[in-house]
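Reader: Could you take me through one part of this model closely, the sheet and what surrounds it, and then follow the charged side-chain pairs from there? I would like a connected account rather than a list.

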Amino acid sequence: MSSLPAQPACVVNCAAYDRSGQRRDITLEQISDVLAVDDGSFVWVGLYEPEESLLDRLQEEFGLHDLAVEDAHHAHQRPKLEPYGSTLFIAAHTAQRIDGHVRFGETHVFIGPRFLMTVRHGASLSFAPVRQRLEREPEVLAHGPSIALHAVLDFIVDNYQPIVSDFEAELDALEQDVFAESYKRGTIKRLYALRKELTQMRLSVAPMQDILSQLIRTPVFAIPDDVKPYFRDVLDHAARVGDSIDTLREMVAAAMNVNLSLVTVAQGEIVKKLAGWAGLLAAPTLIASWYGMNFQHMPELQGRYAYPVLIGVVALFCVLLYRYLRRIGWL
């Protein structure tokens with residue numbers, strides 16, 4: 001059996017699946033030949049950051065709309081679902097946790113009655129595991145491109161959950177620093193960064209719920225009734241992830257407020273202690289200042305025990321004031 005010609009590096013997968021779900025590798029040039037025969041087969045093409053010339057070539061093979069192809073070539077699209085004749089264009093955001101930070105990418109999907117094409121940009125895991133899992137169950141692939149679309153969207157949504165779990169673990173670890181007695185500037189900075197990443201995740205997950213809802217209801221590309229439950233299951237997963245993100249955002253906001261409140265309370269306690277010690281020093285300072293004015297007529301100076309009595313009075317006053325300040329919690 002002769003091997004197929006080498007494909008461009010950006011072509012990750014190009015295969016045809018017959019009505020029984022069996023795979024056959026094909027070249028880009030053979031796509032039109034497969035689609036020309038109405039035998040129930042469909043084509044699945046996977047690309048990663050393709051060149052514009054390659055997209056133009058596939059546009060002719062699948063009859064894609066100019067605007068959809070332009071969106072697929074340029075990343076930074078908002079998540080959306082747009083119908084173009086009998087073809088749907090879907091833009092979804094993907095996410096990966098790399099070096100402790102969330103990196104976002106995009107997956108653009110073209111789906112028609114007999115083809116599915118995925119275009120990945122940026123931080124996006126390969127769909128090879130998805131294809132391999134489906135190919136082990138050819139009876140599932142026999143449902144056509146709609147079941148392959150479900151597997152792709154399910155894979156994207158499932159990859160959100162580990163990131164959310166990492167956020168939960170990180171927030172739990174930060175709780176000790178939030179309630180620590182000493183203020184740590186790094187704690188509030190990390191909480192802010194965590195909330196920012198959660199907000200970005202929310203902007204990726206929330207539109208996915210709308211896409212799945214529209215996909216089930218859209219009359220342009222009819223999802224078979226026996227496949228719709230699969231999409232509803234993905235919608236349920238996306239909704240749970242969205243709820244988890246919203247809960248975490250609220251918890252992070254509460255943690256930031258608690259941390260700042262504790263810092264304010266700690267600063268107030270420090271001010272109270274300083275004020276208490278200042279009050280203790282003020283009494284002897286006031287009395288001693290009287291004797292620094294060099295008055296000529298100060299009767300108490302003539303007494304034999306004037307200084308010891310004065311020192312005793314000052315000491316007694318300071319002791320009483322100290323006990324009072326201790327009792328009210330200022331020292």
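Author: S6 and S7 are joined as a hairpin, with two residues between the two strands. The model is a predicted one, and what follows should be read with that in mind. The two strands of this hairpin run antiparallel and are joined by eight bridges, and within that pairing Glu-106 stands opposite His-121 in S7. On its other pairing, S6 meets strand S5, which covers residues 87-98, again in the antiparallel sense, here over eleven bridges. Ile-98 of this pairing stands opposite His-101 in S6, while Phe-89 has Phe-110 in S6 as its bridge partner. S5 and S6 also form a hairpin with two residues between the strands, and there Asp-99 takes a positive phi near 55 degrees. As a matter of principle, the strands of a sheet pair through backbone hydrogen bonds, in either a parallel or an antiparallel way.

How is S6 placed with respect to the rest of the structure? Nine of its twelve residues are buried, so S6 is largely enclosed by the rest of the structure.

These hairpins belong to an open sheet of seven strands, whose order is S2-S1-S3-S7-S6-S5-S4 and whose pairing is mixed. Its edge strands are S2 and S4, the latter spanning 80-84, and each of them pairs on one side only. On average, neighbouring strands of this sheet are turned by 20 degrees against each other, when direction is ignored.

Helix H7, residues 160-178, packs on this sheet and touches S5 and S6, its direction making about 35 degrees with that of S5. The helix has 19 residues and reaches 26 Å from its first C-alpha to its last, which is close to the 27 Å expected at 1.5 Å a residue. The buried residues of H7 include Tyr-160, Ile-163, Val-164 and Phe-167, and Glu-170, Leu-171, Leu-174 and Val-178 are buried as well. Glu-170, then, is a buried residue of the helix that also takes part in a network of salt bridges, together with Arg-97, Asp-166, Arg-190 and Glu-197.

That network leads to the charged pairs elsewhere in the chain, where the count comes to 15 salt bridges. One of them brings the side chains of Glu-135 and Arg-23 together, at 2.7 Å from N to O. This pair links distant parts of the chain, since Glu-135 lies in helix H4 (residues 128-135) and Arg-23 in strand S2 (residues 23-25), 112 residues apart. Glu-135 counts as partly exposed at 26% relative accessibility, and Arg-23 likewise counts as partly exposed, at 36%.

A second bridge is formed by Arg-57 with Glu-29, whose closest N and O atoms are 2.2 Å apart. Arg-57 lies in helix H2 (residues 52-62) and Glu-29 in the loop between S2 and helix H1 (31-36), so this pair ties together parts that are 28 residues apart in sequence. Arg-57 has a relative accessible area of 33% and is partly exposed, and Glu-29, at 48% relative accessibility, counts as partly exposed too.

A further bridge returns to the hairpin described at the start. Asp-39 forms a salt bridge with Arg-114, the closest N and O atoms being 3.3 Å apart. Here Asp-39 sits in the loop between H1 and strand S3 (42-48), whereas Arg-114 sits in the loop between strand S6 (101-112) and strand S7 (115-122), so that distant parts of the chain, 75 residues apart, are linked. Are its two partners buried or exposed? Asp-39 counts as partly exposed at 33% relative accessibility, but Arg-114 is buried, because its relative accessible area of 15% is under the 20% limit.

One backbone detail remains, in the loop between S3 and H2, which is the place of Glu-49. Glu-49 has a positive phi of about 45 degrees although it is not a glycine, and with a relative accessible area of 42% this residue is partly exposed.

Key:
Residues are numbered from 1 along each chain as its sequence is written. This is a predicted model: local features need pLDDT of at least 70, side-chain atom pairs count only at pLDDT 80 or more; totals for chains, interfaces and linings use all residues. Side-chain values use heavy atoms; hydrogens and water are left out. A salt bridge is a side-chain nitrogen of Lys or Arg within 4 Å of a carboxyl oxygen of Asp or Glu. Helices (H or I, at least four residues) and strands (E, at least two) are DSSP runs, numbered from the N terminus. Buried means under 20% relative accessible area, exposed over 50%, partly exposed in between (1.4 Å probe, protein chains only). Two strands pair if DSSP finds at least two bridges between them. Axes are lines fitted to C-alpha atoms, for helices over the stretch in contact, and angles run from 0 to 180 degrees between N-to-C directions. Contact means heavy atoms within 4.5 Å. The expected span of a helix is 1.5 Å times one less than its number of residues.
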